[in-house]
Amino acid sequence: YYVRFWNDFNSTETTSGQGYWNEVPKPLEKDTLNSDSMPHLLFHDQPTSDINDEYFVIAAVSYDRRGCGDADRFNPSFEGRKITNLAFYRNRLIAFSEENIISTAAGDYDNWFPSTALAVSPSDPIDIAATTNYSSILYGGIVINNAMVVFSEYNQYLLTTDSDVFDSRTAKVTQIGAYHY
């Protein structure tokens, strides 16, 4: 947990006077994701009504910065690893990386970081592992009813919750099969 003191008078960092403490990421530590190696956005653009003036654009996404804590505890587990697939589930963008299922914050598809280091919010990102006695590199997922079936090469898992709210406290992954995918 790291904080900075901000002066009320001129909104600058200071060590004295009237002001407030604000939570910040660990000083002198990288607090951004490398947008060049993260998933990109593909969108259709047609700036004029001329049909010959339409095209598709692939662009890097400006992902949110980490606003609290340190990289060891608060960066998503795909940092420095390969993302094997993406999916949408319960108003979250889901990334599969090795044995981990990582989601964005609820409704905020470019935010992979929690809002504070002090408490867990229902809208915070989810980072959960699907493990068995065998290697389970995850390759994809399919949404069914109120759950998501997640596939590895030799195992299938169910990502779900017993609650109405899908968050890091209620999310669970259970093995449902061991078939070759």
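Analyst: Two strands are called paired if DSSP finds at least two bridges between them. In this predicted model, E10 and strand E11 (residues 156–161) are joined by 4 bridges and run antiparallel. The count of 4 bridges satisfies the criterion of at least two, so E10 and E11 are a pair.

User: Which residue of E11 is the bridge partner of Val 150, and how many residues does the hairpin between E10 and E11 contain?

Analyst: Val 150 has Tyr 157 as its bridge partner in E11. The hairpin passes from E10 to E11 through 3 residues.

User: What makes strand E9 (residues 138–144) a partner of E10?

Analyst: E9 and E10 share 6 bridges in the antiparallel sense, and the criterion asks for at least two, so these strands also pair. Two of the partnerships can be named: Ile 144 is bridged to Ala 147 of E10, and Val 143 to Met 148 of E10. The hairpin of E9 and E10 has 2 residues between the strands, and within this hairpin Asn 145 adopts a positive phi near 45 degrees.

User: Why is E10 (residues 147–152) described as mostly covered?

Analyst: A residue is buried when its relative accessible area is under 20%. In E10, 6 of the 6 residues are buried. The burial concerns both directions: Ala 147, Val 149 and Phe 151 point one way, Met 148, Val 150 and Ser 152 point the other way, and all are buried.

User: What is the strand order of the sheet that contains E9, E10, E11 and E12, and why does one side of E9 and of E12 lack a neighbour there?

Analyst: The order is E9-E10-E11-E12, in an open sheet of 4 strands with antiparallel pairing. E9 and strand E12 (171–177) are at the edges and have a single partner strand each, so one side of each has no neighbour in the sheet. On average, neighbouring strands of this sheet are turned by 25 degrees against each other, direction ignored.

User: How do you know that E5 and E6 are paired in the other sheet of 4 strands, E5-E6-E7-E8?

Analyst: This second sheet is likewise open, with antiparallel pairing. Its edge strands, E5 and strand E8 (127–129), each pair on one side only. Here too the average turn between neighbouring strands is 25 degrees, direction ignored. E5 and E6 are joined by 5 antiparallel bridges, and at least two suffice, so the pair is established. Leu 86 stands opposite Ala 95 in E6.

User: How do you know that Glu 23 has no salt bridge?

Analyst: Glu 23 belongs to strand E2 (residues 19–24) and is buried. The nearest side chain of opposite charge, that of Arg 66, is 9.1 Å away. A salt bridge requires the charged atoms to be within 4 Å, so Arg 66 does not qualify.

User: What makes the approach of Glu 23 to Thr 116 a polar contact?

Analyst: The two side chains come to 2.6 Å, which is within the 3.5 Å limit, so the term applies. In addition, the backbone nitrogen of Ala 117 lies 2.8 Å from a polar atom of the Glu 23 side chain. Beyond its neighbours within four places in sequence, Glu 23 has contacts that include Tyr 1, Val 3, Cys 68 and Leu 118.

User: Why is the pair of Glu 79 and Lys 30 called a salt bridge?

Analyst: The closest N and O atoms are 3.9 Å apart, and the cut-off is 4 Å, so the pair is accepted. Glu 79 is in the loop between helix H1 (71–74) and strand E5 (85–89), while Lys 30 is in the loop between E2 and strand E3 (41–45), so the pair ties together parts 49 residues apart in sequence. Glu 79, at 30% relative accessible area, is partly exposed, and so is Lys 30 at 48%.

User: What makes Asp 162 exposed, and what separates its closest atom from that of Lys 172?

Analyst: The relative accessibility of Asp 162 is 67%, and exposed means over 50%, so the label follows. Lys 172, with 31%, is partly exposed. The closest N and O atoms of Asp 162 and Lys 172 are 2.9 Å apart, in a salt bridge.

User: How many salt bridges does a search of the whole structure find?

Analyst: The search finds 6. Among them is the pair of Glu 98 and Arg 81, whose closest N and O atoms are 3.2 Å apart.

Key
Residues numbered from 1 in each chain as written. Predicted model: local features only at pLDDT ≥ 70, side-chain atom pairs only at ≥ 80, totals over all residues. Heavy atoms only, no water. Buried < 20%, exposed > 50% of the residue type's maximum accessible area, 1.4 Å probe, protein only. Lys, Arg positive; Asp, Glu negative; His and termini not counted. Polar contact = N/O pair within 3.5 Å; in protein donor to acceptor, adjacent residues only side chain to side chain. Contact = heavy atoms within 4.5 Å. Axes fitted to C-alpha atoms, helices over the stretch in contact; angles between N-to-C directions.
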